[in-house]
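User: I should like to learn how to read the features of a protein model, one at a time. Could you guide me through this one?

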Amino acid sequence: MTPAPRLTCGRFDLELSRPLVMGVINLTPDSFSDGGQFGTLNEAIDHAIKQIEAGADILDIGAESTRPGAQEISVENELARLVPVLRQVRDLGKPISVDTRKPAVMRAVLAEGADMINDVSGFCDPQAVAAVVASRCALCVMHMQGDPSTMQQSPAYRSVVDEVSAFLYRQVEILQLAGVALERIVLDPGIGFGKTLDHNLALLRELSCLEVFERPVLIGLSRKSMVGQLTGQPVERRLAGSVAGALASVAQGAAFVRVHDVRETVDALRVWRAIVD
Ligand code: HH2
């Protein structure tokens, strides 16, 4: 039997023998589904603790919304939101990922003990590669067409699966050449980031094509407009659709699912695994 793949993730070495659940902690006033809900330090920490109790394997903390149309915030603002929370949650026994596109933020949060950098721009900035190379952090390399302020205006591809996998392949090569070990890399097609519903569905159906260099794939579709388009539900009623999407992603080979509703996803995965394993 081939051993389960592993992920070097800062202070942790994750075995990927079962799908792992990444709980989202948005410290943003304007995130599309939960913006402004965890505004105070205590609320954010409480939310993190609850997600771990609910079975999250890893937390992803973000301080800048990347929803379509979102505007960038300054490094100072981003760090002022992230660092106090990071200091309180880094010793809860689970790896902490930070969702950021800024090299200066990456350096600062790594110094504060972050275990993963989740860069929705896929480490295209050489400064971002330089910021992470010397650490042991995991890297989530995500594909995005354009940038959040304009990405959903008219996304277009010749072949979305070929283009996204070529991008991921190229980024892994660049990271490896810079000295990042393959064992640190997770790949993400970026559901909803410069993609129509049909693009998202094509990527999810052909997820195995994205496992370039046999690296694990992470899928984030929780509460996204894709779920709204398929169910006709507003953002606050997308739980069932999101859980179904998480299960289908795992069935297609995803190693991680990034979700807002941790307990429901963990329960659904337990039942699903008991049946299929
Ligand atoms: N989606 C969002 C943010 N970060 N990171 C990865 N790797 N994959 C994703 O699909 C992904 C991500 C958007 O969701 P959310 O954080 O809930 O919203 P917002 O960006 O508005 O804060």
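Analyst: Certainly. Please keep in mind that this is a predicted model. Let us begin with the sheet.

User: In what order do the strands of the open sheet lie, and which are the edge strands?

Analyst: The open sheet holds eight strands in the order E8-E7-E6-E5-E4-E3-E10-E9, with parallel pairing. Strand E8 (185–188) and E9 are the edge strands, each pairing on one side only.

User: Which strands pair with E10, and over how many bridges?

Analyst: Strand E3 (residues 20–26) runs parallel to E10 and is joined to E10 by four bridges. E9 also pairs with E10 in the parallel sense, over two bridges. The register can be read from individual partners. On the E3 side, Gly-23 stands opposite Val-259 of E10. On the E9 side, Leu-218 stands opposite Phe-256, and Ile-219 has Val-257 as its bridge partner.

User: Are the residues on the two faces of strand E10 buried or exposed?

Analyst: Both faces of E10 (residues 256–259) are covered. Phe-256 and Arg-258 on one side are buried, as are Val-257 and Val-259 on the other.

User: Phe-256 has now appeared twice. Which residue of strand E2 is in contact with Phe-256?

Analyst: That residue is Leu-14, which lies in strand E2 (residues 12–15). Beyond its neighbours within four places in sequence, Leu-14 is in contact with Phe-256 and also with Pro-5, Arg-6, Leu-7, Cys-9, Leu-20 and Pro-95. Leu-14 counts as buried because its relative accessible area is 12%, and the cut-off is under 20%.

User: How should I read a buried charge, as at Asp-119?

Analyst: One looks for a partner of opposite charge and then for other polar partners. Asp-119 lies in strand E6 (residues 116–119) and has no salt bridge although it is buried. The nearest side chain of opposite charge is that of Arg-101, 6.0 Å away, whereas a salt bridge requires a distance within 4 Å. The side chain of Asp-119 does reach the backbone nitrogen of Phe-123, at 2.9 Å. Leaving aside neighbours within four places in sequence, the contacts of Asp-119 include Thr-100, Met-106, Ala-128 and Cys-140.

User: What is notable about the phi of Phe-123, and where is this residue placed?

Analyst: Most residues other than glycine have a negative phi. Phe-123 has a positive phi of about 55° although it is not a glycine. Phe-123 is placed in the loop between E6 and helix H4 (126–133), and it is buried, with a relative accessible area of 1%. Phe-213 likewise has a positive phi of about 55° and is not a glycine.

User: How many aromatic pairs does a search of the whole structure find?

Analyst: The search finds one aromatic pair. Tyr-169 and Phe-213 form this pair, which is stacked, with 4.7 Å centre to centre and 20° between the planes. A pair of aromatic rings is described by exactly these two quantities, the distance of the centres and the angle of the planes.

User: Why does the pair of Tyr-169 and Phe-213 tie together separate parts of the sequence?

Analyst: Tyr-169 lies in helix H5 (residues 160–178) and Phe-213 in the loop between helix H6 (197–205) and strand E9 (218–219), so the pair joins parts that are 44 residues apart in sequence. Tyr-169 is partly exposed, with a relative accessible area of 39%. Phe-213 is partly exposed as well, at 29%.

Terms used. Residues numbered from 1 in each chain as written. Predicted model: local features only at pLDDT ≥ 70, side-chain atom pairs only at ≥ 80, totals over all residues. Heavy atoms only, no water. Buried < 20%, exposed > 50% of the residue type's maximum accessible area, 1.4 Å probe, protein only. Lys, Arg positive; Asp, Glu negative; His and termini not counted. Polar contact = N/O pair within 3.5 Å; in protein donor to acceptor, adjacent residues only side chain to side chain. Contact = heavy atoms within 4.5 Å. Phe/Tyr/Trp six-rings, centres within 6.5 Å; stacked < 30°, edge-to-face > 60°. Pairing = 2+ DSSP bridges.
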